[in-house]
Amino acid sequence: ETPSLRAGRTGSGARRVYLAGKHHRPTFLGVQDAAIGASTEVPNRWWYAADARTLALFRPLAGLVRGPLDALPPRGARCGSASSGPPTLTSACFIVVASAVAPAASLWHLDWGACARRGAAFTALTPLSGPQMTSERCAAHGLEYEPWDAAPGDLARVYDYARGDAVVFDGRLPHRTAPFTAKALAQVSGGRRLIVSLSFAARGGGATERAAQIRVLEGQTGGYYELDGA
């Protein structure tokens with residue numbers, strides 16, 4: 001039986017959709033329109049895991065991301081107390097960009113700016129879409145960032161997404177969607193850029209840190225996340 005797509009409402013006002021059918025248990029995805037892009041006819045959207053069952057579907061991918069990171073020696077200070085545990089998966093979403101992104105529309109930001117120190121949280125991004133020709137570079141598949149060790153006046157750098165790879169960066173790294181034109185987006189299979197985004201945060205911090213993490217997560221997800229002690 002073909003699953004049907006039903007719509008509901010989340011507490012934040014974002015729409016919640018889920019698959020329902022004879023052989024399907026409900027899978028909830030919240031929907032929020034993105035604040036980037038030039039088209040109002042085809043909105044850019046975040047489709048985020050809106051319940052525990054749906055977030056669990058992302059955990060195998062999160063494990064692949066975490067494995068290499070856990071093997072690295074500790075770097076920098078963790079946010080919170082000395083007993084803070086390693087960052088764990090807190091939320092996940094699909095980011096769908098369906099229109100050109102002008103330089104003025106793509107804002108520089110920190111995913112976890114509310115946390116005062118580095119090493120407490122990070123983001124992992126991996127693409128599901130790609131160029132129509134797999135061997136070519138696509139301007140619509142870039143992440144622009146400012147390295148912490150960049151000298152004053154240095155230009156920002158661009159990471160080119162590639163299917164099968166994930167880029168992982170600290171929650172306090174300045175970054176943005178690398179701007180691109182409608183012509184560049186047309187080079188992407190299906191004409192839409194589809195990215196999986198995973199958010200991780202450290203456990204065991206104090207009340208101030210936890211309150212800051214909750215504010216960040218509520219803004220990112222529209223209301224659903226998993227954070228120990230929240």
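So, how many aromatic pairs does a search of the whole structure find? The search turns up 3. Keep in mind that this is a predicted model. I'll walk you through two of those pairs, and then through the strand that one of them sits on.

Start with Phe122 and Phe200. Their rings are stacked, at 4.5 Å centre to centre with 15 degrees between the planes. Phe122 belongs to strand 6 and Phe200 to strand 11, so this pair ties together parts that are 78 residues apart in sequence. What about burial? Phe122 comes out at 10% relative accessibility, so we call it buried, and Phe200 is buried too, at 1%.

Next up, Tyr159 and Tyr161. This pair is edge-to-face, with 85 degrees between the planes and 5.7 Å centre to centre. Tyr161 counts as buried at 9% relative accessibility, whereas Tyr159 is partly exposed at 23%; the cut-off for buried is under 20%.

Okay, back to strand 6, which covers residues 121-127. It's mostly covered: 7 of its 7 residues are buried. Phe122, Ala124 and Thr126 point one way, while Ala121, Thr123, Leu125 and Pro127 point the other, and all of them are buried.

And who are the neighbours of strand 6? It runs antiparallel to strand 11, residues 193-201, and 7 bridges join the two. Within that pairing, Thr126 stands opposite Val196. Strand 6 also pairs with strand 9, residues 167-170, again in the antiparallel sense, over 4 bridges. There, Phe122 has Asp170 as its bridge partner. So Phe122 bridges to strand 9, and its ring stacks with Phe200 over in strand 11.

Notes:
Residues numbered from 1 in each chain as written. Predicted model: local features only at pLDDT ≥ 70, side-chain atom pairs only at ≥ 80, totals over all residues. Heavy atoms only, no water. Buried < 20%, exposed > 50% of the residue type's maximum accessible area, 1.4 Å probe, protein only. Pairing = 2+ DSSP bridges. Phe/Tyr/Trp six-rings, centres within 6.5 Å; stacked < 30°, edge-to-face > 60°.
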